[in-house]
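Reader: Got a model open here and I'd like to talk it through. Can you walk me around it?

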Amino acid sequence: MSAYEHEVKALLSAAGVPVPRGVVLKDQDFGLDFERAGELAEPLVLKAFGPGLVHKSDVGAVALGLSRKDLAGAAAGMRARLEVAGFLVEEQAAAGVELIVGLVRDPGFGPVLLTGLGGVWTEALRDTALRLCPISEEDARRMLASLRGSSLLYGSRGAPPVDVDAVIKLLMTVGGPGGLWERLELGEFELNPVIAGPSGVIAVDARYLPGPGPAAGAPRAATDFLPLFEPRAVAVVGASTTRPNFGNMFLGFYRAAGVPLVAVHPTAAEVAGVPAVPSLAEADVDYALVAVPAERCADVLREAGGVPFVQVMSGGFAETGRPDLEEELVEAARAAGTRLLGPNCMGVYSPRGRQTFVGGGLGPAGQVALISQSGGLAGEVIKVGERRGLAFSRVVTVGNSADVTPAELLRWLARDEETRAVGLYLEDPRDGRELFEALRAAELPVVLLVGGRSGQGQEAAASHTGGMVSDRRVWEAVAEQSGAVLVAGQDDLIGVLAYFQAHGSRHARGGVLVAGPSGGASVLAADAFDLAGVRLDPLPPDAPAALRGLGVVASGNPLEVPVGPLGRAGLVPEVVSALLRSRPYGDVVLHVNVQAFFTYGDAAEPLYAYARAVAQAQAALPDTRITLVTRNGECAPPGVEDEVRRIAAAAGIPVYRSMEAAAVAVAAGGRHGVA
């Protein structure tokens with residue numbers, strides 16, 4: 001049951017939040033002709049309260065601008081139409097900027113604070129910002145600054161500025177460390193409107209719906225995941241001696257990888273040439289992959305004592321409406337003392353440990369890790385990423401995350417000496433609060449791709465807050481507060497990881513310079529970087545003189561520099577070096593039209609020469625991050641793009657096919673502090 005407004009305001013007043021002066025009149029007081037309101041200054045506000053009177057304005061339970069002699073008549077009219085338990089009479093607050101401040105418990109991430117333009121503008125403009133609790137003062141200021149209507153707070157069209165520090169104090173009282181969010185059994189809590197003026201703030205309306213407290217989870221000791229990624233030996237459960245299946249496919253993958261391997265089969269001495277044991281209890285391994293029907297998986301895990309990690313590839317659990325099977329699986333794993341990955345996932349990939357769930361052999365060992373709730377997508381990122389130059393340290397698929405969570409894995413990977421950047425693909429993080437804390441604690445770059453962000457995290461209940469806290473906005477707040485990079489698709493996930501792989505050790509500072517051929521491409525490049533939130537700094541004042549001797553006109557940033565089959569390969573690096581002598585640019589994005597090299601025959605060598613010149617420029621500029629964009633690369637003969645990527649990768653240069661992809665990656669570098 002919701003608390004009545006005067007009860008919520010008593011709580012606010014005790015916490016130091018200004019509220020209007022008022023008196024409460026219950027049923028037994030109705031005959032007093034509102035004499036107790038005599039000490040209040042007119043104009044007055046009359047509000048009825050009672051069961052079901054939550055949105056009071058919508059049902060006519062609020063009257064404004066009253067004198068004392070108006071109160072009795074207004075109250076009688078409300079009692080005739082509504083079920084009333086009492087009335088709240090308050091002094092009417094002076095006009096000002098109306099704000100909303102609300103709290104709601106997100107099912108995954110816990111308490112979320114929302115603020116923005118309130119009152120009648122709440123639903124009309126939906127101009128709000130949100131952050132996970134607890135917020136910092138910097139969070140509060142950034143929330144206000146992000147509002148489209150923020151100019152109203154700082155004085156607009158001759159109006160005086162409001163007391164922004166008082167607004168910040170209110171946000172901290174509600175959502176900061178030790179704030180109301182920690183003391184409320186939170187369903188939904190909303191102050192709307194809060195009137196902000198030059199002399200402070202006042203919470204004019206307040207509502208609070210208690211809800212269930214957070215589910216208490218028993219803390220788990222930290223797990224060392226190294227044996228998962230670099231196992232001494234691997235077992236596969238579910239391979240057949242008669243009908244090849246997924247288990248047999250994985251046996252083939254592991255045999256090709258060369259990891260010590262055993263099959264688990266109830267009767268066979270070997271399966272597909274791999275020695276077999278009758279149960280996991282007899283397998284001396286660090287990791288077991290289970291590919292049997294869902295109904296049999298718990299029995300397999302009950303035999304897994306002594307196996308540190310078991311991965312259940314099989315589906316048919318909670319994701320298909322069988323949470324009972326998933327609960328049984330978790331109980332079996334805990335009883336056996338093993339950690340469960342999955343169910344409903346594919347496996348682990350780590351070239352260093354000869355761990356794999358994809359065919360085609362192991363790629364090079366690198367420093368990029370991936371945690372994915374989708375096995376299929378993880379396989380795509382591995383294969384496409386390696387084709388584009390990514391080299392992985394650890395990849396793990398977690399499916400339903402019934403036991404091992406993405407947060408646990410992220411905490412471990414953030415300390416892993418072999419990992420310098422982490423990508424995550426998530427749909428349901430299971431323990432969102434734990435993930436949020438892990439993201440905030442991680443000091444290495446983390447790139448987030450989230451599926452299903454368009455769904456509502458909360459249905460609108462009694463407050464506007466609940467209706468405006470969607471999954472998409474919560475994830476945006478998670479990224480904003482943690483420093484993680486939130487991307488929109490698989491290509492950007494790969495592209496941003498490639499940027500961090502190439503430039504993660506370069507901590508240059510400065511703006512962004514874009515250079516390459518074609519006026520139209522330059523204009524579109526400016527648009528792409530603007531859309532990504534990247535400002536292109538102007539050229540230095542002495543650029544015309546510096547570039548005149550190179551035959552280049554200093555037209556602006558993006559800078560037009562001729563690049564083509566008849567051009568001089570080293571011209572662009574010379575132009576860049578000339579500009580860097582006058583102004584530091586942390587990022588230099590060079591683009592080339594690959595199609596131009598092949599319009600009049602095969603001109604691969606001039607393109608390779610250009611790539612080599614760019615690579616030499618990167619070697620000569622260790623404090624600058626060079627990125628290469630090969631526009632229209634599909635026009636090159638087979639193998640040409642691969643060779644350009646190879647030349648660039650050897651110099652630590654990421655390569656993109658579009659300016660949009662490069663802009664997203666450069667923006668991510670700046671967000672994480674690399675730029």
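Reader: Which residues of H19 are buried?
Author: In this predicted model, the buried residues of H19 are Leu571, Val572, Pro573, Val575, Val576, Ala578, Leu579 and Leu580. Buried means under 20% relative accessible area, with exposed over 50% and partly exposed in between (1.4 Å probe, protein chains only). Helices (H or I, at least four residues) and strands (E, at least two) are DSSP runs, numbered from the N terminus.

Reader: And what do the buried residues of H19 pack against?
Author: Three strands and two helices, namely strand E24 (511–516), strand E25 (559–560), strand E26 (585–593), helix H18 (543–548) and helix H20 (604–620). Contact here means heavy atoms within 4.5 Å. Helix H19 covers residues 571–580, and 8 of its 10 residues are buried.

Reader: How much of the chain is buried?
Author: 57% of the 675 residues.

Reader: Switching to sheets. What's the strand order in the open sheet of 7 strands?
Author: E13-E14-E12-E11-E15-E16-E17, with mixed pairing. The edges are strand E13 (270–271) and strand E17 (339–341), each paired on one side only. Two strands pair if DSSP finds at least two bridges between them.

Reader: How many bridges join E16 to E17?
Author: 3, and the two strands run parallel. Val310, for one, has Leu340 in E17 as its bridge partner.

Reader: Now pockets. How much space lies in the second largest one?
Author: About 790 Å³. A pocket is an open set of points on a 1 Å grid over the protein atoms alone, where a 1.4 Å probe fits, with protein on both sides within 12 Å along at least five of seven lines; lining residues have an atom within 4 Å of a point. The volume is the space filled by probe spheres set on the points, which are joined across faces, edges and corners.

Reader: Which lining residues are closest to its centre?
Author: Glu476, Ala479, Glu480, Leu486 and Arg671, out of 29 lining residues. Helix H15 (471–482), strand E23 (485–487) and helix H22 (659–672) are among the elements that each supply at least two lining residues.

Reader: Last one: where does pLDDT stay under 50?
Author: Over residues 456–465. pLDDT is the predictor's confidence in each residue, from 0 to 100, and the chain's mean is 90. Local features need pLDDT of at least 70 and side-chain atom pairs count only at 80 or more, while totals for chains, interfaces and linings use all residues. Residues are numbered from 1 along each chain as its sequence is written, and side-chain values use heavy atoms, leaving out hydrogens and water.
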